[in-house]
Structures are given as structure tokens and as C-alpha cells.
Amino acid sequence: MMKSPVYGLLLLFALMLPPVANLLESIMITHMHMQMPLLIISGLFMAKFFQHRFPEFFSKWNENGVPGLLLFSIIMVYWSLPRTMDEALTLTSVEIFKFISLPFLAGVPLRDSWPKLSSFWKHALIIFFTILFLALGWLYIWSPVQLCNNYLIIEQITLGWGFISTAFAMVVYLIYSYFVDLSKYE
Amino acid sequence: METVIKQSGKTQVFKDKANKVMGISLEDGKLTKSYLSVAFLAILLGGILGLVQGLNRAGMLELPAWLNYYQVLTAHGLLLVVVLSAFFTIGYFYAGLSHTLGGLLPKVRKMAWIGFWMKIFGFVLAVIPILMNEASVMYTFYPPMAASPIFYIGLVFIVLGVWMCAFGAFINVASWRKRNPGKHVPILSFFATGVFVLLFFGSLPVAIEVFTIIPWAFGWVETINVMVARTLFWAFGHTLVNIWYLTAVSAWYVIVPKVIGGRRWNDLLTRIVVIALVIMNITGGFHHQIIDPGISEPVKYMHVFMSLAIGFPSLMTAYAMFAVFERTARRKGGKGLVGWYKKLPWGDVRFLAPFIAMAAFIPAGAGGIAQTTNQLNQVVHNTMWVVGHFHLTLGMSVVMTFFGLIYWLIPYVSKRVLTPQINKLGVIQTIIWTIGMIIMSGAMHWVGLLGSPRRTSYSTYFDNATALSWDPYLFFLAIGGTLLMIGVLMQVYAVFYLMFFAPKGNTEFPIAEVEEDEAPTPRWTERWGLWVVCMIVLVGMAYVIPLVDFMVNAPPGSPPFKTW
């Protein structure tokens, strides 16, 4: 029953190992599109533990799921900025904040909020991130200057296309859920 | 509590009964017969060209001045890799859709016919420059070798024809799902959906490639980015390989258990195998490019994982198949650790051919895994080993399964029956094909390890001792090829006999049932939209880094080359 929080914690520890962290942070796109999502996934796994331990807290502060959604979005937007990635590589305190904020302030609230949200909010979240990813893709691809001190321009362009392709996948999903009425098949 | 649904309801029972009494409708039968006829005419022509090529490669046959080795190689590849496989897959799955979904919709049937003629038209366009020796670029038609533009325009029509059939299948499945709310798509149609999803998404990259090649082949643009074109080609080339493989796998899971009088493997696990193969397939293209310059080592290293991941569902399949065989044989009274094999119907070609096909996939799959790894690929990449590998996987695992299918599929669509004589002919054909392919493919593997190059006509390299040492193996290649030609003739005879001359009667479409005590399959397996999104995300993960690198750091580009 409570196996998944253990797996989540193990994943978090594995990602914190210096060789793993160094490898994932050495390439810009794996830093943002692999390490960060994996940290959030570790939080998704660990959420059950907190929900069991502090049921009162979640029902009181995250009654309809929107506060958790908001917290998740703020953390995500913060980590989408080029400057924060740079700081994580330069300042140890920011690096530590990354390893705490993404699992516990983004992953855990997302897991708690998702079942509570109406389909309006779920789609609103995906639409918001689609627009954000398109904008970030545009920024990273067509920025005339190097945005991160730690990464070359070619890596920046690669990351930009990574954002565009992820946004494309989300658009496909949105079109699918708009045109296909699942209730007709059930 | 609403997460599961029952497997079979009353309507399904009624449809099964209706199908059993009346069989396939005449129009749907005609469609499949046309597709299968083209497939087996392609195998006849492709087989003859293969024999010519094998004899020439062994130094035993001098080609006339108007025909060269690379021309034959291109036609052989196109006929067997594109025509045979596409037409068989579509013909077989359209019969399956018609049978399991209660007939094709008239609109869908029309789409499949439009697709048929588009593919034929495209194929004729592609063949003309090959015959004129203007397109001897081989099946792997990527730059810098350039064929006549007509060849590529033909390919565009083939792709468009395939898309017509893919969308036809989607429309038919969606309409069935609307008419049968809460039910799972029948397993064979589930496989068909997976295959057509792969056919559509796998042919997108090659469509992009061909559209960039056409202006280059016409001379409207001077150069082309070779690495991008090769990458787009292999995203399609590898997927195509796995489309036939998934077609064969569908028969192993669904048809073969019924033929041996058993029940099929767990429904949920079967569907997971299909979903996993669909999601992970396209990115496998990279292991065809392991020795390509321009891809950095870390990216190649990452792709070893992506390619080996595709092996996982195949291992699940291997386990499932032998478990089904053992379970069925034991129910029939089979005893002992392996003694139960005696209870399997070895004299029935509908079982024997797919069984040998499966068994062949053990060495074929192992060879594939060896080639996927970086260092081993360096050793064999441009040698005959690779040719041996794909003759073992396609010529044996896939094509022998196809052969095994026709002994009931063609009688089913032609409303005839399989006669004992044709069954016997089939068993003999299966044995000849097996021996021929073991000799030919074995010789190719071995001579490849000794260094004999692929995609090269016969040469002794000025009587170099190493090159001369390949000759005995090349003789074996020619002997195997000759046996295979005999096999082709027997097979084509069986196909057209069963289609037009066999005694009239009713043949069953064999679809195995699941075990009675099996837990119901969860509903999430039906969410194809989600699987497609997962596939797109995975393709993004695989292709964004190298493609951006190829384009941003692009070399000057290549003009068209005509090397023949």
C-alpha cells in the first residue's frame, strides 16, 4: 500500500547523487526536461505519505484543488526562467532549493489537486502550459543572445525545440480531448 | 468501480454467429483478395529478382548489359519490402476488421479501394525509372544518391495510399466503438489500430524526407542536408520493419492459439505489448545509424537504451507464446518437462509455418540486439551479416507467418476450403523454405563476419586472397536462394489455387478466446489518443537533440550523386 512513497524517495536520492546530478545538468535540455520532471515525479510518488500523515492540512488548505494547482504553477514558472537554472548551477543554496521545491512544492500538491479538479481546471492547466511552452520555445530559439552563462547557444536552441515539441504533443492531446467524447464510448 | 468492462456481450455473440453462418461479405472479400493477389505477385517477381541477384553475387551468373546488379537490388527491395509487406498487412487486417467489427463501412471500403489504386499508380511511377536504370538507389533511397524525380513522386503516391487505408481503419474502429459503448475493441482490430497508427506516424518522416528530396532531384535546389534526410528515412525504415513484425505478432497471439485448439494469452498483457510497441517504435530508427558521422557518442549511447527497450515487449511475446503452447498441449494430455510438444499439430501448416517463424525470431532477435550495441555494430555494419539478419527476421519470422496465414485467410475470403493436398504442399513448402533460408541467411551472416561487404556486386578485388575466401559461402548463398525460389513458386501456386480453384465451402476465421477465469481488462487500454501523445513525446525526446544539431551545425550540403 505505502510502497510508492518509498520509491519516490529512492528516485529523489538517486537524482541527488552527484554523478547523476552532474550528468543531467551538463546538458541544458536534460537539465530542464529530464531532471526537473523526474524530481516532480518523485514528488508525485511521495504525495501519498503526506496525504496520510496530514489529511487535515490538505483538506483544509487544498479543498477544491485550486490552491495546490496555483502553487504547482508558480514553482514551474519559476524553474522555467533561464536565470534560475544558472543560479542552480552556481549557488548551492539554489540547487538545494531546486531539489526541495520541485518534489515537495510542485509534485506533492499536483498529486493532491488533480483528482479534486474539475475538467475545466485540468484543461485550463494544460492550455496554460501549452502557451507557456510555446512562448519559452520562441524565447530560447530566437533569442539573439546567450541566456544562460552555463550553456552554449546551440543548447539553448535545442531546449527551445524541446519546448515546441512538448507543446505540440499537448496540442494534440487537447484536440483529442476536444473532439473525442469519451463518455460516448462508455 | 467502473474501471472494468466485460469482454463479450450479446451483440458480439450474435455477430460471431452471423459471421460464422454467412462468412465475409463479397465486397470485403474482394478487397482482401485484390490486396493479397498483388502481395503474392510481388513475391513472385521479387523472388525471381532475388534469385538473379544471389546467383550474380555468387559469381555464377553474368547479368546482361541492359540490367545491372543495383537495378535488380532496388527492384527486389522495393517489391518485397514495400509492396509485399504493405499489401499483405492491409489485406489481412482489413479482413480482420471486417470479421471482428461486423463488416467494413461502405465509406471505408471505398477509401481502401482508392488507397489500393493510389499505391498501384505510385508503384508504376516508381518502377519506370528503375527499369530505365534511372533509380538504382536501392530500397534505402536516401541522399546523396539521387534517383529520377519520378521515382520519388511514385513513393509519395504509395504513402498517400497507405494513409487512406490507415484512416479508413480508424473510421471503422471509431464507428464500432460508438455503436458498442463500454466494450473493448476486439483484439485483432486492436492490433490493426496499433499497426495503422504506426503506419501513419512512421510514414510522416519519410513523407517529409521525400518532399525535401523532390526539389533537389529536379535540380531546383542545389544541395540537401544528408544527415537530416537519413534520419528521417530511418525513422520510417525501422518503423516499417516493426509494422510487419507487429502484423506477424498479431497472428501469433490471436490466430495460432485457436489453430492449435487452445485459448489465447492474457488479454491485458497482449494489449500492453501492442501499446508498448506502438509508443517505442519510431525512435528505434537510430540504431540503423550507429556508424553515421555527425551524431555524437552520448546521443548514440542514449539510443542504445531506446532500442533495447523495444526488445522488452518481444521478450514478453516469446514467454507468452511458449506458455500458450505448453498450456494447450498439457490440456490435451501432454506429459513431461518438454514431452508435451508431441501434442501440438505439427502436420498442420497453419501451425507449423508460424511456429518455425517464431522459433526463427530467437536467433534473429538475438542478432538484432547484438547489432544494436555500438562496438558490435562497428564490426558488421556494412557487411553481408546485416543482409543475413533481415532475411532471417523478415524472410523467415514475418513472411513465414504470412505464408501460414494464407491457408485459412484466402479460403475464408474466397469462400473455399483448404484441401489436405494443399496442406501437404504447405508443409513441404515450409520445410523447403526453412532449409533454404537457414542456408542462405546462415551463409550471409558468416561471410559478413569474414568481411564480405553488402550493397556490392560480385568482385574478387583483383583476386585478393581474402575476397576469394568468401566464394564458398557465396555458393551456399546461391544454393539457399535457389531453394527459396522453389518455395516461392509453391507458395504462389497454393495462393492462387486456394483463391480460384479449391472446393467451395465455409472456412472459419480463427480467433482464440481468452481463458474463462481471466480478470477483465481495464478500460485505460483503449485510450489511443493518450498513447499517441506518449509516442509524440518520446519521439521528441529522441529526435530534438540530434536534429537541431544537424540543422544548426549543418555542413554545406550535398549535390545529387549518380554512382551507377
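A salt bridge, as I'll use the term today, is a side-chain nitrogen of Lys or Arg within 4 Å of a carboxyl oxygen of Asp or Glu. Hold on to that, everyone, because by this definition the count between chain A and chain B comes to 0 salt bridges. One caution before we go on: this is a predicted model.

So what do the two chains share? Let's start with the contact between them. Chain A puts in 17 residues, and chain B puts in 22 residues. Together the two chains bury about 1,700 Å², with 76% of that on carbon and sulfur atoms. As for polar contacts between chain A and chain B, the count is 1 residue pair, with both residues at pLDDT 80 or more. On the chain A side, the elements giving two or more residues are helix H3 (28–53) and helix H9 (153–179). H9(A) makes the largest share of that side, with 11 residues. If you sort the chain A side by class, you get 12 nonpolar, 3 polar and 2 charged residues.

Now let's move inside chain B. Chain B is divided into two domains: domain 1 covers 235–259 + 261–344 + 531–559, and domain 2 covers 352–514. Their C-alpha centres lie 20 Å apart. The contact between them takes 30 residues from domain 1 of chain B and 28 residues from domain 2 of chain B. The area these two domains bury between them is about 2,500 Å², and 78% of it is on carbon and sulfur atoms. Which residues of domain 1 lose the most area to domain 2? They are B:Trp252, B:Lys258 and B:Ile291, together 23% of what the domain 1 side buries.

Here the salt-bridge tally for the domains is 1 salt bridge. B:Lys258 turns up again in a salt bridge, its side chain meeting that of B:Glu508 at 3.8 Å, N to O. For polar contacts between the domains, the count is 6 residue pairs, both residues at pLDDT 80 or more. On the domain 1 side, helix H7 (226–259) and helix H9 (297–331) of chain B each supply at least two residues. H7(B) has the largest share there, 13 residues. By class, that side of domain 1 has 19 nonpolar, 6 polar and 5 charged residues.

Let's zoom out for a moment. Over all chains, a search of the whole structure finds 17 salt bridges. I'd like to walk you through a few of them.

First up is B:Arg263 with B:Glu516, where the closest N and O atoms are 3.3 Å apart. This pair links distant parts of the chain, 253 residues apart: B:Arg263 is in the loop between H7 and helix H8 (267–280) of chain B, while B:Glu516 is in the loop between helix H15 (471–500) and helix H16 (528–552) of chain B. Are these two buried or exposed? B:Arg263 has 26% relative accessibility, so B:Arg263 counts as partly exposed. B:Glu516 is exposed, at a relative accessible area of 72%.

Next, please look at B:Asp267 and B:Arg271, whose closest N and O atoms are 2.9 Å apart in their salt bridge. They sit 4 residues apart in helix H8 of chain B, so about one helical turn separates them. B:Asp267 is buried, with 0% relative accessible area, and B:Arg271 counts as buried too, at 1% relative accessibility. These two also belong to a network of salt bridges that links B:Arg264, B:Asp267, B:Arg271 and B:Glu526.

My third example is B:Arg350 with B:Asp348, whose side chains meet at 2.8 Å, N to O. B:Arg350 counts as partly exposed at 25% relative accessibility, whereas B:Asp348 counts as buried at 15%.

Let me finish with a glycine. Where is B:Gly481? Its place is in helix H15 of chain B. B:Gly481 is buried, with a relative accessible area of 13%. Leaving aside neighbours within four places in sequence, B:Gly481 is in contact with B:Leu51 and B:Met440. B:Thr466 is 15 residues away from B:Gly481 along the chain, and their C-alpha atoms are separated by 23 Å.

Thanks for listening, and I'm happy to turn the model around on screen for anyone who would like another look.

Note on methods. Residues are numbered from 1 along each chain as its sequence is written. Chains are lettered from A and ligands numbered from 1 in the order in which they are written. This is a predicted model: local features need pLDDT of at least 70, side-chain atom pairs count only at pLDDT 80 or more; totals for chains, interfaces and linings use all residues. Side-chain values use heavy atoms; hydrogens and water are left out. Contact means heavy atoms within 4.5 Å. Buried area is the accessible area (1.4 Å probe) that two parts lose on being put together, summed over both. A polar contact is a pair of N or O atoms within 3.5 Å; within protein, one must be able to donate a hydrogen and the other to accept it, and residues adjacent in sequence count only if both atoms are side-chain atoms. Ala, Val, Leu, Ile, Met, Phe, Trp, Tyr, Cys and Pro count as nonpolar, Asp, Glu, Lys and Arg as charged, and the others, Gly among them, as polar. Domain bounds come from an automatic or database domain assignment. Buried means under 20% relative accessible area, exposed over 50%, partly exposed in between (1.4 Å probe, protein chains only).
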